[in-house]
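Subject: Structure handover

Hello,

Here is the structure you asked for, with my notes on it below. Please read the notes with the model open beside them.

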Amino acid sequence: MSTAMNFSSKSFQPRPPDKGSFPLDHFGECTAFKERFMACLREKGFDNSKCRMQSKEYLECRMDRQLMTKEPLEKLGFKDLKEPFPKQADGKTNV
């Protein structure tokens with residue numbers, strides 16, 4: 001027995017993505033970062049785990065130029081690539 005789905009229902013309301021839009025980079029502001037990331041992927045056999053630094057730099061470029069919503073790097077999966085806190089002259093870490 002088959003079940004027919006009625007897509008013409010007035011009750012269906014489309015909703016935007018949870019993270020918002022991801023607009024195109026019409027002015028090519030982050031093209032150099034994108035190209036470095038794509039070159040890395042080609043060199044590494046499309047293993048994106050080996051190109052995380054380039055991916056991080058590309059996303060940072062997009063966030064800096066308001067081409068995507070600013071998010072903490074931890075939420076984007078780059079917690080291990082965050083720069084450590086600078087050390088003071090006495091060797092203690094600034095927090």
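Let me begin with Q66, which sits in the segment after α2. Please bear in mind throughout that this is a predicted model. Q66 is not a glycine, yet its phi is positive, about 55°. Its relative accessibility is 64%, so Q66 counts as exposed. F46 is another residue with a positive phi, about 60° here, and it is not a glycine either. F46 belongs to the loop between α1 and α2. With a relative accessible area of 58%, F46 is exposed.

Helix α2

Helix α2 covers residues 52-64, which makes 13 residues. At 1.5 Å a residue the helix should span 18 Å, and the end C-alpha atoms are indeed 18 Å apart, so the two values agree. The buried residues of α2 are S55, K56, Y58, L59, C61, R62 and M63. What do they pack against? Their partner is α1, residues 31-43.

Q54 is also part of α2. At 24% relative accessibility it falls in the partly exposed class, because buried means under 20% and exposed means over 50%. Apart from neighbours within four places in sequence, Q54 touches R36, F37 and C40. The C-alpha atoms of Q54 and K34 are 8.0 Å apart, although 20 residues separate the two along the chain.

L59, one of the buried residues of α2, is in contact with M68, L76 and F78 once neighbours within four places in sequence are set aside. L59 also belongs to the largest nonpolar core. That core has six residues, the others being M63, M68, L73, F78 and L81.

Disulfides

How many disulfides does the whole structure hold? The search finds two. A disulfide is a covalent bond between the sulfur atoms of two cysteines.

One disulfide is formed by C30 and C61, with sulfur atoms 2.0 Å apart. This pair links distant parts of the chain: C30 is in the segment before α1 and C61 is in helix α2, 31 residues apart. The torsion about the S-S bond of C30 and C61 is -95°, a left-handed link. C30 has a relative accessible area of 1%, so it is buried. C61 is buried as well, with a relative accessible area of 2%.

The other disulfide joins C40 to C51, at an S to S distance of 2.1 Å. C40 lies in helix α1 and C51 in the loop between α1 and α2, so this bond ties together parts that are eleven residues apart in sequence. The torsion about the S-S bond of C40 and C51 is about -90°, so this disulfide is left-handed. Both C40 and C51 are buried.

If the bonded cysteines are counted along the chain, the pattern is 1-4, 2-3.

Salt bridges

The whole structure has six salt bridges. I describe some of them here.

K56 pairs with E60, the closest N and O atoms being 3.4 Å apart. Both residues lie in helix α2, four residues apart, about one turn of the helix. In an α-helix there are 3.6 residues a turn, so residues three or four places apart point the same way. Is K56 buried or exposed? K56 is buried, since its relative accessible area is 6%. E60, in contrast, counts as partly exposed because its relative accessibility is 24%.

K34 forms a salt bridge with E35, with 3.7 Å between the closest N and O atoms. K34 is partly exposed at 35% relative accessibility, and E35 is partly exposed at 40%.

D64 forms a salt bridge with K70, and here the closest N and O atoms are 3.1 Å apart. D64 has a relative accessible area of 46% and is therefore partly exposed. K70, with 56%, is exposed.

The UniProt record

UniProt lists residues 30-63 as "domain: CHCH", in an unreviewed entry. Over residues 30-63 the chain is 74% helix and 0% strand. The end C-alpha atoms of this stretch are 10 Å apart.

Regards

Technical notes: Residues are numbered from 1 along each chain as its sequence is written. This is a predicted model: local features need pLDDT of at least 70, side-chain atom pairs count only at pLDDT 80 or more; totals for chains, interfaces and linings use all residues. Side-chain values use heavy atoms; hydrogens and water are left out. Helices (H or I, at least four residues) and strands (E, at least two) are DSSP runs, numbered from the N terminus. The expected span of a helix is 1.5 Å times one less than its number of residues. Buried means under 20% relative accessible area, exposed over 50%, partly exposed in between (1.4 Å probe, protein chains only). Contact means heavy atoms within 4.5 Å. A nonpolar core is a set of buried Ala, Val, Leu, Ile, Met, Phe, Trp, Tyr and Cys residues joined through side-chain atoms within 4.5 Å. UniProt positions are given in the numbering used here, feature names are shortened, and annotations may be inferred rather than shown by experiment. A disulfide is a pair of cysteine sulfur atoms within 2.5 Å. A salt bridge is a side-chain nitrogen of Lys or Arg within 4 Å of a carboxyl oxygen of Asp or Glu.
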